[in-house]
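Biologist: Could you take me through the ligand site in this one, slowly and in plain words? I'd like a close look at the space around the ligand and what lines it.

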Amino acid sequence: MFEPIALRIGDDRYVFGEGRRQFGSLELICDREDRGGGASLLRLRVRNARNDEQSLPDVAVELEPVAGEVLEHGWQSWSVVRRCSPADVRPKRTESAKWERARLLTDPDLAGRAVVGEPFLVSEAGVVGFLGGGANFAVVAASPGRLEAVSLLDGIALGPGEQRELEPLWVGPGDAGGRYSDFAEAWGQSQAARSNTRAPLGWCSWYQYFGKVTPADIRANIGPAKALGVDVFQIDDGYQAAIGDWLTPMEGWEGQLEDLSQEIKAAGMTPGIWTAPFLAAEDSRLASEHPDWLLRGPSGEPVRAERNWGRWIFALDATNDGVLSHLGHVFERLVELGYTYHKIDFCYAGAIGADGAPRSSTRAQALRSGLAAIRKGIGDDAFLLGCGCPFGPAIGLVDAMRVSADTAPRWDLSQRWRDDPEMTGFEEHPPSGRNAVEATVLRAPLHRRLWVNDPDCLMVRHYDTELNDQQIDLMAATIAGTGGFVVISDDCSRYGTAEYDLLDKVRSLDGPGDTPLEIADPFADVLEVKSGASLLAIDWDALSEPPPPSGGRSAVIDAAGPVGLAWARLDHRLDGRP
Ligand code: 9PG
């Protein structure tokens, strides 16, 4: 199972073999190490056998293909995560704009051509995936009758006689659920994961106030949040003059960041703040004052990383020393202003790279050095939460990672997202309650092995929402049953009995449920997530059935099956009854 069959170097294919071999002007050294229990590790090194510099092609190992279902798993927090057949490649994705494919996939050219595990593929026959992630990106691509583990070397230059070690490939045939945990364990260990940081109870402004948040909204929540036992009080997007200008307040926010951090601290909570450190809006001060810091394509034009906030957004070049010292400065300053909890968002922008431009470091190295500059700026004791972030380069630098698409105060996609042609084939990506639940459940085994999993915020409110009671319960159960990192995002000055009761129920699992998690069988009809003390069961068909003819897909959830089941099982274990 998963036996290596062939090597592919650029466009050339060779029979697989271990040891040292020369292919044209490149030498490849391949070792295989037994990791016990049937798992093994494949280590590849490439050496430039020429007398001059050469640019590295991608290097792939073709493996015996697998039958049955696999898990598509995209590289960053909001990428698609879903169970599917390797034949379900979603050809429509080839029609999406390049920037959209580049933000959701490690390799935009694979969109619509393969079902990809980035950087690991869970299948019914076991798991194949790359460890590490700070040196180079890598993916495992499946299509009918074909399985390839590809190291993406981004065309970087290797000097004469120089050698480079690629991230190692972990090959673990066997039971899918068990192997998923084994892989996550090995992955975390390979890059010194920060997996033991205490997870605070948080409050976040985004899912109640969105971009229109005001200092008055923040003040209205400080007292009530403290009364609920909130430890970290986090201001999200909406305080800054422009994307990129984090230290310049938007109108109405002058002087408020300083004042609010004092008030939050005086109430006994830790101030937290949102930034998107690798982005710069086209009309930001950052972009106009430091045009040399922008990532640029071969003809010199800034690379468009994002279409959001009603404009084009550029990416910073994280290989530029000026950018790295800028990041260090911004985060030192935010700490001086009192903020020691940092949600850093849209981090994929630090890793998109510019096609066709010469590179001295890989995209993974670029992102990792940017993240390291941020960690240095905030210091070792501050809490760092990655979001919109490719996973591998962040391991060992972040304390927590968003592992899902955005949640929303509605179960299904809003009309805006359903009408967006860019989303065709990526329907699991845009904000919705369902999308947050599905990815959170399918990524549960990463919790406390790579970091603390952030399932996105919990809205327990029964006002200002399109969610019905069952959907709110299911979302709460999912968060409680996947590690219990709870960040509420409601106007909590309006909480009543229903909200207090639900929050109590979720928080009762905080301690006992916060252990490394196992998925019994990722492909089961009723998917079970187990911690040391809790069991969350989700009826998968009820989550993902197509819409009934009469209306939205949420009707399926109204049938109460998965909701009742989830809470029944959680309560069952909590009470200690058989
Ligand atoms: C603030 C928000 C919140 C949220 C983050 C992130 O695909 N998209 O267009 C897309 C837009 C926003 C987004 C995620 C994806 O949300 O996850 O919690 O902080 O930014 O702008």
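Modeller: Let's settle one term before we start: helices (H or I, at least four residues) and strands (E, at least two) are DSSP runs, and they are numbered from the N terminus. Keep in mind too that this is a predicted model.

With that in hand, here's the pocket. The ligand takes up the space of the largest pocket, and about 780 Å³ of space lies in there. Four elements, α1 (98-104), α3, β22 and α9 (415-418), each supply at least two residues of its lining. That lining runs to 33 residues, and the ones nearest the pocket's centre are N308, D406, R416, W417 and P431. Sort the lining by class and you get 15 nonpolar, four polar and 14 charged residues.

Now zoom in on the ligand itself. It has 18 residues around it, with Y207, D236, D237, K343 and D406 the closest. By class, that shell holds eight nonpolar, two polar and eight charged residues.

Some of the side chains reach oxygen atoms of the ligand. D406 has a polar side-chain atom 2.5 Å from a ligand oxygen, and for D236 the distance from a polar side-chain atom to a ligand oxygen is 2.7 Å. R402 joins in as well, with an N or O atom of its side chain 3.2 Å from an oxygen atom of the ligand. As for how covered the ligand is, on its own it exposes 450 Å², and the protein buries 94% of that. The elements giving two or more residues to the shell are α3 (206-209) and β22 (304-308).

While we're here, have a look at the second largest pocket, which has a volume of about 660 Å³. It is lined by 29 residues, and K98, I352, G353, A354 and D355 are the closest to its centre. Two elements you've already met turn up again: α1 and β22 each supply at least two residues of this lining. It is α1 that gives the most, with three residues. By class, this lining divides into 14 nonpolar, five polar and ten charged residues.

Last, the enclosed spaces. Searching the whole structure turns up seven cavities of 30 Å³ or more, and the largest of them has a volume of about 110 Å³. It has 16 lining residues, with P119, G133, F137, A138 and G392 closest to its centre. Nine of the lining residues are nonpolar, five polar and two charged.

Methods: Residues are numbered from 1 along each chain as its sequence is written. This is a predicted model: local features need pLDDT of at least 70, side-chain atom pairs count only at pLDDT 80 or more; totals for chains, interfaces and linings use all residues. Side-chain values use heavy atoms; hydrogens and water are left out. A residue is near a molecule or strand if one of its heavy atoms lies within 4 Å of it. A polar contact is a pair of N or O atoms within 3.5 Å; within protein, one must be able to donate a hydrogen and the other to accept it, and residues adjacent in sequence count only if both atoms are side-chain atoms. Accessible areas come from the Shrake-Rupley method with a 1.4 Å probe; for residues, only the protein chains shown count as cover. On a 1 Å grid over the protein atoms alone, a cavity is a set of points where a 1.4 Å probe fits but cannot get out, and a pocket is an open set with protein on both sides within 12 Å along at least five of seven lines; lining residues have an atom within 4 Å of a point. A molecule sits in a cavity or pocket if more than half of its atoms lie within 2 Å of its grid points. Ala, Val, Leu, Ile, Met, Phe, Trp, Tyr, Cys and Pro count as nonpolar, Asp, Glu, Lys and Arg as charged, and the others, Gly among them, as polar. Grid points are joined across faces, edges and corners, and a volume is the space filled by probe spheres set on the points.
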